4 protein chains.
Amino acid sequence: MGKRYLMKGNEAIGEAAIIAGCRAYFCYPITPQTEVAEYLAKRMPEVGGVFLQGESELAVSYMLFGAAAGGSKVFTTSSSPGISLMQEGLSYIAAAELPVVVVNVMRNGPGLGGILPAQSDYFQAVKGGGHGDYRSIVLAPATVQEAVDLVILAFRLAEKYRNPAMLVADGMIGQMMEPVEIPDGGETPSPEIAGHEAWATVGAKGRRQNLIKTLFLDPTLAYNLNVKLQAKYRRVEQEEVRFEPIDADGPLDVLLVSFGTMSRICRTAAQQLGRAGLRVGILRPISLYPFPAAAVREAASRAKLVVSVELSMGQMLEDVDRAVQGRAPVRFYGTAGGKVPTPDEVAGGIRALVDETRREHPAHGKES
Amino acid sequence: MGKRYLMKGNEAIGEAAIIAGCRAYFCYPITPQTEVAEYLAKRMPEVGGVFLQGESELAVSYMLFGAAAGGSKVFTTSSSPGISLMQEGLSYIAAAELPVVVVNVMRNGPGLGGILPAQSDYFQAVKGGGHGDYRSIVLAPATVQEAVDLVILAFRLAEKYRNPAMLVADGMIGQMMEPVEIPDGGETPSPEIAGHEAWATVGAKGRRQNLIKTLFLDPTLAYNLNVKLQAKYRRVEQEEVRFEPIDADGPLDVLLVSFGTMSRICRTAAQQLGRAGLRVGILRPISLYPFPAAAVREAASRAKLVVSVELSMGQMLEDVDRAVQGRAPVRFYGTAGGKVPTPDEVAGGIRALVDETRREHPAHGKES
Amino acid sequence: MGKRYLMKGNEAIGEAAIIAGCRAYFCYPITPQTEVAEYLAKRMPEVGGVFLQGESELAVSYMLFGAAAGGSKVFTTSSSPGISLMQEGLSYIAAAELPVVVVNVMRNGPGLGGILPAQSDYFQAVKGGGHGDYRSIVLAPATVQEAVDLVILAFRLAEKYRNPAMLVADGMIGQMMEPVEIPDGGETPSPEIAGHEAWATVGAKGRRQNLIKTLFLDPTLAYNLNVKLQAKYRRVEQEEVRFEPIDADGPLDVLLVSFGTMSRICRTAAQQLGRAGLRVGILRPISLYPFPAAAVREAASRAKLVVSVELSMGQMLEDVDRAVQGRAPVRFYGTAGGKVPTPDEVAGGIRALVDETRREHPAHGKES
Amino acid sequence: MGKRYLMKGNEAIGEAAIIAGCRAYFCYPITPQTEVAEYLAKRMPEVGGVFLQGESELAVSYMLFGAAAGGSKVFTTSSSPGISLMQEGLSYIAAAELPVVVVNVMRNGPGLGGILPAQSDYFQAVKGGGHGDYRSIVLAPATVQEAVDLVILAFRLAEKYRNPAMLVADGMIGQMMEPVEIPDGGETPSPEIAGHEAWATVGAKGRRQNLIKTLFLDPTLAYNLNVKLQAKYRRVEQEEVRFEPIDADGPLDVLLVSFGTMSRICRTAAQQLGRAGLRVGILRPISLYPFPAAAVREAASRAKLVVSVELSMGQMLEDVDRAVQGRAPVRFYGTAGGKVPTPDEVAGGIRALVDETRREHPAHGKES
């Protein structure tokens with residue numbers, strides 16, 4: 001059993017990394033994640049860890065590479081433009097099969113944009129903004145407690161699969177104060193990745209040298225790496241799908257698919273719509289990659305309409321649409337630029353989409 | 001009428017930019033696109049243009065931003081890791097609605113990878129590897145002639161939509177010598193973007209100042225930018241879909257979806273399979289974004305099996321799968337790491353997928 | 001015969017470079033030299049030249065290296081901290097024997113300091129702030145006209161000796177408007193360094209390759225380079241000493257040694273002191289390296305007191321003291337931090353030093 | 001009483017910094033000082049210190065600034081080109097009055113040069129290669145033991161005067177194994193600079209905020225800083241002159257002035273010349289700034305000839321010449337490029353200079 005605290009999301013994210021055993025944090029300041037850095041600037045030295053501000057996000061991405069290659073549990077946090085600057089590095093980290101945890105406290109874009117909440121980096125996170133065939137494991141918390149739990153999980157999955165694991169949050173979760181239970185987990189976890197002796201470059205006294213590289217000029221070796229990576233991603237897709245169904249049983253008038261902060265607004269909107277007589281279920285992806293496609297498809301087969309509800313302009317929509325495979329009409333409700341809709345606005349928007357679909361798909365449309 | 005030359009793809013790409021009126025080329029060397037840079041290092045001064053090697057790809061992305069903001073037709077070429085380093089900049093360019101042409105001569109990844117041909121940056125190009133809701137127009141040539149034509153088109157589309165336009169090729173097209181007709185186009189096109197006085201920062205004598213920015217702290221303004229961008233992307237999706245159907249009429253045993261170099265191999269493989277009694281059609285996307293979803297769906301509705309054939313590990317597959325909407329089984333055939341399959345290997349792979357599908361989907365499976 | 005204009009010093013410096021044939025200017029903005037950059041940003045394109053702002057002064061120093069290695073007359077301007085960032089590059093340029101002209105519009109230091117006039121980079125310029133045994137030719141103008149003439153001379157000397165030549169000015173000369181005669185010089189000079197075919201890397205068709213390098217791992221070759229450089233510096237010390245004696249004939253009560261802006265203040269102060277009965281001569285070094293040591297020594301042998309008058313805290317003082325070799329007492333009058341003294345203040349300061357010296361050296365001290 | 005070890009100079013330098021209490025070492029690798037970095041990469045973590053490799057020497061200079069501003073004893077080592085890259089930073093450090101210790105294991109230059117021993121950065125170290133009126137305290141060891149002692153002294157002087165202190169050595173001392181006594185010094189010294197609470201930026205709970213800056217736009221404040229710095233340098237010149245006279249009493253045929261490695265060769269050469277009947281004294285500066293001018297002048301007044309003997313091409317010569325003030329002829333013997341002369345060569349060279357001087361100065365020349 002852990003202890004309960006009232007904590008801000010950004011601080012809870014930092015503390016969770018420490019609980020996971022991380023003692024090496026590299027960062028470059030950018031709103032709205034700077035408070036994680038501030039928190040860890042104080043906290044890391046207290047636990048004998050390293051806090052290091054790099055000269056740029058690009059540098060940070062290779063500090064992560066280097067420290068992870070040395071067997072350390074490593075961590076960074078940044079926000080949208082900063083994460084874009086790490087895309088080359090993330091491709092290298094994935095290619096080298098290094099366990100690295102990255103938190104993106106997303107802000108509104110594109111470009112410099114603003115500092116308001118957004119989910120507009122979904123494609124970048126889930127499809128891979130860097131070059132080459134690789135995937136990051138992507139987790140999306142909806143509460144401060146879940147942020148803590150998923151940061152700890154991200155470290156576990158990064159290590160298990162030796163792969164980048166990314167948490168996508170937004171400034172609302174970062175700023176929100178909620179009660180969290182911080183697990184104490186018994187003994188202090190090691191700051192070193194379990195089993196790293198088998199692959200990390202930590203000195204090779206008495207054993208053969210490990211080598212970490214991403215250059216494979218021989219096409220057979222390059223191919224083999226890709227085959228190995230894809231096998232790993234298939235395993236991730238089998239074993240690591242996480243989602244939460246909310247009132248999503250039985251026949252549904254609408255199935256909302258939504259994650260993170262937006263899913264909390266959907267929950268209130270769904271209650272409003274429910275009181276107005278619509279059966280509204282929510283499927284909340286917790287893992288964005290692997291995407292809960294089977295669960296979405298199954299629920300969609302019981303629904304007259306599926307709506308991807310996003311703080312972006314139609315990104316997760318593509319994965320929802322693909323999952324549904326024509327079993328129900330799929331629509332989009334969302335926004336961008338930091339304008340977070342109220343539950344009323346969302347309820348109104350969903351209502352409008354339901355009405356529109358009934359006109360277009362009369363077979364689906366009769367009240368059931 | 002233009003003149004016919006025997007040219008290497010990389011040189012043809014460079015010459016096409018000049019024909020399009022581009023007189024400002026920024027780059028950083030990386031195999032296998034360095035020959036474009038070498039060609040333009042000589043050629044740009046001859047036509048009074050600027051050749052400038054930046055200190056990094058990151059710098060290049062902002063040189064493109066700056067020069068395009070000044071109303072110039074601008075151009076860069078790079079290869080996979082170099083393109084990853086431009087992701088922040090491309091998001092800024094899209095946000096600022098600047099016409100910029102980027103060529104990615106893709107190499108095998110992830111990480112440093114190698115210098116062999118690949119199509120593994122499909123996700124990055126098509127979904128947007130940078131942050132925020134934006135899209136690049138993405139074109140994929142299959143021949144040297146088409147590379148010339150699509151570079152010229154890329155400049156036209158970039159200008160028409162004031163948006164990044166990207167050409168994705170690979171080292172095979174870059175190295176291949178093929179006869180090309182270089183259009184002479186009558187008069188020399190202007191090196192300046194048509195109508196740039198309305199928005200570019202080129203001095204404001206006698207008119208109000210133009211302002212180019214991507215920072216929008218006011219959520220209404222940030223939202224408006226996103227709405228405007230999305231309207232533009234909808235227009236692109238309506239007006240700029242390009243594809244080539246190859247023997248894709250009537251009922252099909254297999255529909256191959258494949259682009260670029262890989263589609264050429266598919267063509268030979270399809271002929272082999274045809275001689276063996278299978279009706280094999282190919283749909284070759286020329287624009288990857290916008291993706292020819294309607295055309296794929298229509299052809300898929302006449303096919304017993306759809307296969308996404310890629311020099312990557314299943315990326316375009318997602319767009320194919322989404323387009324098909326369950327109207328036929330969708331499979332993947334591909335490779336990575338620079339191992340380009342022979343037509344025989346592809347034909348064998350497709351044959352095996354056909355057989356497997358017949359076993360799994362006996363309804364689809366009986367020879368028609 | 002040239003034409004007469006009323007020009008600001010900073011603009012005159014820029015125009016002089018163009019007259020000298022320079023068509024390649026690299027810079028990074030820093031007050032108080034930014035106006036040179038602004039002037040050349042407009043002017044270089046008009047004369048078919050290159051204006052290029054580097055990403056830092058460090059980068060600029062290697063742009064100079066590269067372009068000079070290609071046989072071009074090259075030029076930069078900066079101010080104190082910016083010049084510090086070029087010290088590694090200047091050592092490389094000197095080692096490679098490349099003709100490069102650098103203008104330092106000195107500002108007050110150390111550190112970030114301020115933007116007011118100073119002569120505090122005397123040591124850096126004259127002794128060589130980079131590593132290794134090398135020298136820059138250093139020229140110091142006292143008027144806008146002389147700035148023009150010395151920039152042109154700097155290009156000539158840089159070429160003659162294939163060595164960096166530096167002009168040290170300050171913000172007062174940069175901002176001052178004075179009538180200048182711009183020589184038209186008959187025909188347009190070549191933007192290429194005369195005779196560069198013998199050493200520059202400009203393509204080697206039909207002749208042996210030139211090689212420009214500064215790495216000499218073989219100590220004999222490294223030694224030979226140094227012997228060659230020292231022989232050149234001895235020649236410079238013999239042939240290129242420049243100075244202006246001002247009322248410095250016959251026996252003197254005080255000899256002031258002062259350069260640049262400070263020497264103009266000394267001139268007025270000397271007239272005041274002269275009216276008060278003191279015989280005050282001025283020796284104004286125009287070349288700081290080579291320092292006019294013989295002239296200073298000769299004049300000092302006729303003086304009861306020598307004072308180094310500086311906008312720094314006693315730097316040229318060391319060269320004056322060394323030159324005088326004990327033939328007269330040597331004192332310092334100066335200031336720093338941008339506080340430019342008035343002629344009254346200087347006259348008062350010199351008067352005080354004269355009185356003090358008479359007390360200390362009564363033999364020297366009796367009125368003659 | 002300490003313990004005696006057989007240590008390489010580079011390792012001894014690293015260990016000495018730890019003895020002095022330094023727990024923060026920043027560096028960038030460059031031959032021939034890389035072994036210091038290697039040693040401290042292992043040693044710093046053992047004593048709870050920080051080893052941090054920056055992304056460049058420029059970055060290192062500002063890491064030193066930042067960590068010293070936080071009250072930590074800081075240290076870097078580099079070699080000639082690397083030190084050139086720190087010149088801007090050193091000017092800032094001096095302006096901010098921060099205690100920073102820098103070791104320059106000098107290599108032959110200019111430019112990239114080579115990796116052989118040299119003393120060619122004398123001017124840069126002693127006159128200040130950065131901009132503005134500032135000085136570094138400069139110490140030059142001749143043995144591994146003295147390297148240890150002077151590193152410890154450098155920390156002491158840096159702290160006492162809050163000023164950069166530099167040790168100039170060369171690859172011979174770095175590579176040489178000699179017995180050294182490592183002082184144990186009783187209790188462990190603090191890694192924090194004594195009295196830093198009065199000026200360092202370490203949090204300001206319960207007291208007024210400290211401010212560290214180098215920007216002084218107000219000329220009075222800028223002037224005051226310079227006056228304060230000059231007062232400090234005058235105090236350093238009074239209190240911190242260090243030198244070793246070697247057989248330098250009484251009348252001398254030749255006085256050699258030489259430091260570091262070169263002085264060891266001079267010692268053997270002097271013994272040879274002594275056996276041949278010449279009275280040869282050596283004055284070895286241990287502090288290069290402050291230069292032992294009074295001691296040189298006094299000894300020169302008893303000598304028929306003074307020779308500055310250097311592993312450079314005539315740099316310290318200027319300070320020797322200035323110090324002697326005409327009391328004896330001053331000559332130069334030296335070399336560069338890594339060709340370290342043998343004692344025989346030096347003895348021969350000195351002999352030749354003696355003979356030449358006797359011809360030129362017969363009054364001085366008669367055997368005494």
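How many residues does the contact take from chain B and from chain A? It takes 59 residues from chain B and 59 residues from chain A, where contact means heavy atoms within 4.5 Å. This is a predicted model, in which local features need pLDDT of at least 70 and side-chain atom pairs count only at pLDDT 80 or more, while totals for chains, interfaces and linings use all residues. Residues are numbered from 1 along each chain as its sequence is written, chains are lettered from A in the order in which they are written, and side-chain values use heavy atoms, with hydrogens and water left out.

**Interface of chain B and chain A**

- About 5,000 Å² is buried between chain B and chain A, with 57% of it on carbon and sulfur atoms. Buried area is the accessible area (1.4 Å probe) that two parts lose on being put together, summed over both.
- On the side of chain B, the residues that lose the most area to chain A are B:P110, B:M313 and B:R322. Together they account for 14% of what that side buries.
- Eight salt bridges are counted between chain B and chain A. A salt bridge is a side-chain nitrogen of Lys or Arg within 4 Å of a carboxyl oxygen of Asp or Glu.
- One salt bridge joins the side chains of B:D321 and A:R322, at 2.7 Å from N to O.
- Polar contacts link 32 residue pairs across this interface, both residues being at pLDDT 80 or more. A polar contact is a pair of N or O atoms within 3.5 Å; within protein, one must be able to donate a hydrogen and the other to accept it, and residues adjacent in sequence count only if both atoms are side-chain atoms.
- Five helices of chain B each supply at least two residues of the side that touches chain A: α4 (80–84), α5 (87–95), α6 (122–128), α9 (219–239) and α12 (316–324). Helices (H or I, at least four residues) and strands (E, at least two) are DSSP runs, numbered from the N terminus.
- α9(B) gives the most to that side, with eight residues.
- The residues of that side divide into 21 nonpolar, 28 polar and ten charged. Ala, Val, Leu, Ile, Met, Phe, Trp, Tyr, Cys and Pro count as nonpolar, Asp, Glu, Lys and Arg as charged, and the others, Gly among them, as polar.

**Symmetry and chain arrangement**

- A turn of 180° and a shift of 0.0 Å along the axis lay chain B on chain A with an RMSD of 0.0 Å. That is the relation of a two-fold axis. Copies are superposed by least squares on the C-alpha atoms of residues with pLDDT of at least 70 in both.
- B:G129 comes closest to the rotation axis of the residues of chain B, at 1.7 Å (C-alpha).
- The copies meet through the same surface, because 100% of the interface residues of chain B are also interface residues in chain A.
- Chain A and chain C do not touch, and their nearest C-alpha atoms are 15 Å apart.
- Chain B and chain D have no contact either, with their closest C-alpha atoms 15 Å apart.

**Domains of chain A**

- Chain A is divided into domain 1 (3–239) and domain 2 (244–361), with bounds from an automatic or database domain assignment.
- Their C-alpha centres lie 29 Å apart. The contact takes 32 residues from domain 1 and 25 residues from domain 2.
- The two domains of chain A bury about 2,400 Å² between them, 56% of it on carbon and sulfur atoms.
- A:Q119, A:Y122 and A:F123 supply 31% of the area that domain 1 buries against domain 2, more than any other three residues.
- Three salt bridges are counted between these domains. A:E178 forms a salt bridge with A:R264, the closest N and O atoms being 2.6 Å apart.
- Across the domain interface, 16 residue pairs are in polar contact, both at pLDDT 80 or more.
- The side of domain 1 that touches domain 2 divides into 19 nonpolar, five polar and eight charged residues.

**Backbone features**

- The peptide bond from B:G109 to B:P110 is cis, with omega near 0°. B:P110 is found in the loop between β5 (100–106) and α6 of chain B.
- The peptide bond from A:Y289 to A:P290 is cis, with omega near 0°. A:P290 lies in the loop between β12 (287–289) and α11 (293–300) of chain A.
- A:E97 is not a glycine, yet has a positive phi of about 55°.
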